[in-house]
Amino acid sequence: MKSFMITLAVLISAYSQLNAQELKSPNGALTMQFLLDSNGTPTYKLSYKNNAVVKQSRLGLELKNDKKSLVNDFTISNTETATFDETWQPVWGEVKAIRNHYNELAVTLTQNETDRTMVIRFRMFNEGLGFRYEFPAQKNLVYFVIKEEKTQFAMAGDHTAFWIPGDYDTQEYDYTESKLSEIRGKYDEAVTSNASQEQFSKTGVQTALMMKTDEGLYINIHEAALINYSCMHLNLDDENMVFQSWLTPDAVGDKGYMQAPSNSPWRTIMVSDDARDILSSKMTLNLNDPCAIEDTSWIKPVKYIGVWWEMITGKSSWAYTDELPAVQLGVTDYTKVKPNSTHAANNTKVKHYIDFAAQHGFDAVLVEGWNEGWEDWFGKSKDYVFDFVTPYPDFDVEAIHAYAKSKGVKMVMHHETSGSVRNYERHMDQAYQFMKDNGYDAVKSGYVGNILPRGEHHYSQWIINHYQYAIEKAADYKIMVNAHEAIRPTGICRTYPNLIGNESARGTEFQAFGGSKPNHVTILPFTRLIGGPMDYTPGIFEMDISKLNPNNDSHVNSTLANQLALYVTMYSPLQMAADLPEHYEQFMDAFQFIKDVAIDWDESVYLEAEPGNYITVARKEKGANNWFVGNVNGNEARTSNITFDFLDKDKKYMATIYADAKDAHYKTNPQAYTIKTKKVTSKSKLSQVSVAGGGYAISIIEVK
């Protein structure tokens, strides 16, 4: 009998394999198999060069108040395959042109009992797999509520992961490096305080999740094209090493209101035995729709400075007065209160920033704290918190606009919502028109604190729809958006390239809130930046925050050379020189790199990469033959060895190398750096030491 049962199991397995639908990457390295198990449950598995990446994993959705969910009892009613290959040009980006090449399998499933239809569409690229659920128009599935998406990612081992806690409201955490089996034990320590946060499981983590196997395989799980759906987290079954999707609930606990025809976002799995392939992948962008904005001529990369860091460090304030414990917009008369003398957004200071920007070739100046309402803006669950058009008495919008225009400098607007998204939407048209009337082409929006309406989360479906509404409404006014505390990006900037920046991760500001790990910036490009550029706000030259504010003993855990390198390694078409002008004036030779470095690129070459340890990238300036190289290093000193074979073979260049001094250290001697110049060609090589928390930056200019 035992022999019979084994034989039967083998036969069933063989039959299942015969009925599996197979999809390969264009280069043949990746293979996906789709099949229905004995219960009619859709499953898939993924391998790379014949090695298991994702073991057999279930697919489907659990529905609320529905007699039968979309998880089993399916039969395959149709399959379609296709191959797609195109090259498209982004409005801005790491490269001038992007190839979109994939093989596709669309499996149409019919549920026997309900006669409902669901399509699972797979797209296989050379660097990974994307798949999504599609719900065609049909009489038996029109309106439905998602209780939970049941997508699984069954890992083939106890991999090393770079993770942050799963949270419905923030991604502003330092990354923890551990085995998957260690997440539960390290979870509580990984959770640090934030203005708004809510975790759901001791093994819940966020995407993009970066992993490395013992065999040296790199795996990244994320999502693409997050539209009208809630954000996906991952919840780990740490006994079996199986991740399951975990959607963000709304105020009443529901995870998605759907109306057919519709579809989910893409679930993405990138795989390679070379970490550089993960960084250079454009798969997330390729899974988004083409640009929806017909005229994009007004969308331009921006290098800016701003009245911001001095408030972040506590040197100055956003609020105009300390006399008012509470304010009412339209009622409080700010002309009758005593200014606090620490308010940063005043005419004199802002003009100084404009002068500095003009002198050193910056495009724009951001000013925060310019508008009424900052005295009681946070933590009060206040709906009518800002109107986004009324300035404090010491900030003359029209005069500042005229002064900036006379200097050839643009202004960047700041809209902090304090999480009151309903209030923001009420004022959005007026606020955007106010921007256009006063020469503001870009806005930095913020969503600090708990979301209003109360009970909603930063990453639930309704709020994600708000972020999308803000982007599309801004496009109507030809305004570029840099959203902070919003949902982490999923490649939507391809469709709406006026989304030129996001925060949605632990940025430079946390260096003034106690500091970040020195290797933080060697992880972010493998995680947060997979979905789009980050407004990381680099360029801090004074690492001792107590010199700005004696009551703040934070320290920026980075060397000065590392700060320079971030302009290359942390890709963004929106780059800020975040420190105070007087600090740059102390190190003008190093500041020259920030002035010179480009922010839009024709080509990017990843030279070295290991998550958590180091990243080295070379980028070619858009429309010019100048290159810039950046290297950021992790917790241990390391020698970086690169060649310059990315340069044109028949040309000569002058390289200026900004590097850590021999005695530099991110904590004890962060401002120690060297600058040297040398002639280089495509045959040149460089061996350069980067200290702990350090790095180097190189400008390479063609010699004509």
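## A cis bond before A208

A208 sits in the loop that links β14 (204–206) to β15 (209–212); helices (H or I, at least four residues) and strands (E, at least two) are DSSP runs, numbered from the N terminus. The peptide bond between T207 and A208 is cis, with omega about 0 degrees. A second cis peptide bond joins A260 and P261, again with omega about 0 degrees. P261 belongs to the loop between β19 (257–259) and β20.

## Basis of the model

The model is predicted: local features need pLDDT of at least 70, side-chain atom pairs count only at pLDDT 80 or more, and totals for chains, interfaces and linings use all residues. Residues are numbered from 1 along each chain as its sequence is written, and side-chain values use heavy atoms, with hydrogens and water left out.

## The chain as a whole

The chain has 12 helices and 36 strands. Its C-alpha trace spans about 90 × 65 × 50 Å along the principal axes. The radius of gyration is 26 Å, which agrees with the value near 27 Å for a compact globule of 704 residues; the radius is taken over C-alpha atoms, and the globule rule is 2.2 Å times the number of residues to the power 0.38.

Of the 704 residues, 64% are buried. Buried means under 20% relative accessible area, exposed over 50%, and partly exposed in between (1.4 Å probe, protein chains only). Among contacts with a separation of 6 or more, 71% are between residues 24 or more positions apart, where contact means heavy atoms within 4.5 Å. About 26400 Å² of the chain is exposed, and carbon and sulfur atoms supply 47% of that area; accessible areas come from the Shrake-Rupley method with a 1.4 Å probe, and for residues only the protein chains shown count as cover.

The chain carries 68 positive and 88 negative charges, whose mean positions are 4 Å apart. Lys and Arg count as positive and Asp and Glu as negative, while His and the chain ends are not counted. Each charge is placed at NZ of Lys, CZ of Arg, CG of Asp or CD of Glu.

## Strand β9 and its partners

Strand β9 (residues 128–135) is mostly covered, with 8 of its 8 residues buried. In a regular strand the side chains alternate between the two faces of the sheet. In β9 both faces are covered: G128, G130, R132 and E134 are buried on one side, and L129, F131, Y133 and F135 on the other.

Strand β8 (residues 117–125) pairs with β9 in the antiparallel sense over 7 bridges; two strands pair if DSSP finds at least two bridges between them. R121 stands opposite R132 in this pairing, and the two strands, β8 and β9, form a hairpin with 2 residues between them. β9 also pairs with strand β21 (residues 266–272), antiparallel over 4 bridges, and here T268 is the bridge partner of G130. A further 2 bridges join β9 to strand β20 (residues 262–263), also antiparallel, with E134 opposite N263.

## L287 in its loop

L287 lies in the loop between α4 (283–286) and β22 (302–307). Its relative accessibility is 3%, so L287 counts as buried. Leaving aside neighbours within four places in sequence, L287 is in contact with R123, F125, G130, A224, A225, W266 and T268. The C-alpha atoms of L287 and R267 are 9.8 Å apart, with the two positions 20 residues apart along the chain counted as their separation.

## Strand β33

Strand β33 (residues 652–660) has 7 of its 9 residues buried, so β33 is largely enclosed by the rest of the structure. It is joined to strand β36 (residues 695–703) by 8 antiparallel bridges, and M654 stands opposite I701. Another 8 bridges join β33 to strand β34 (residues 673–680), likewise antiparallel, and there T656 stands opposite T677.

## Positive phi and partly exposed sites

Most residues other than glycine have a negative phi, and most peptide bonds are trans. D115 has a positive phi near 60 degrees. D115 is in the loop between β7 (98–111) and β8, and at 47% relative accessibility D115 counts as partly exposed. N228 also has a positive phi, of about 50 degrees. N228 is in the loop between β16 (218–224) and β17, and at 36% it counts as partly exposed.

D237 is in strand β17 (residues 232–237) and is partly exposed at 31% relative accessibility. D237 and T203 are 34 residues apart in sequence, and their C-alpha atoms are 7.5 Å apart.
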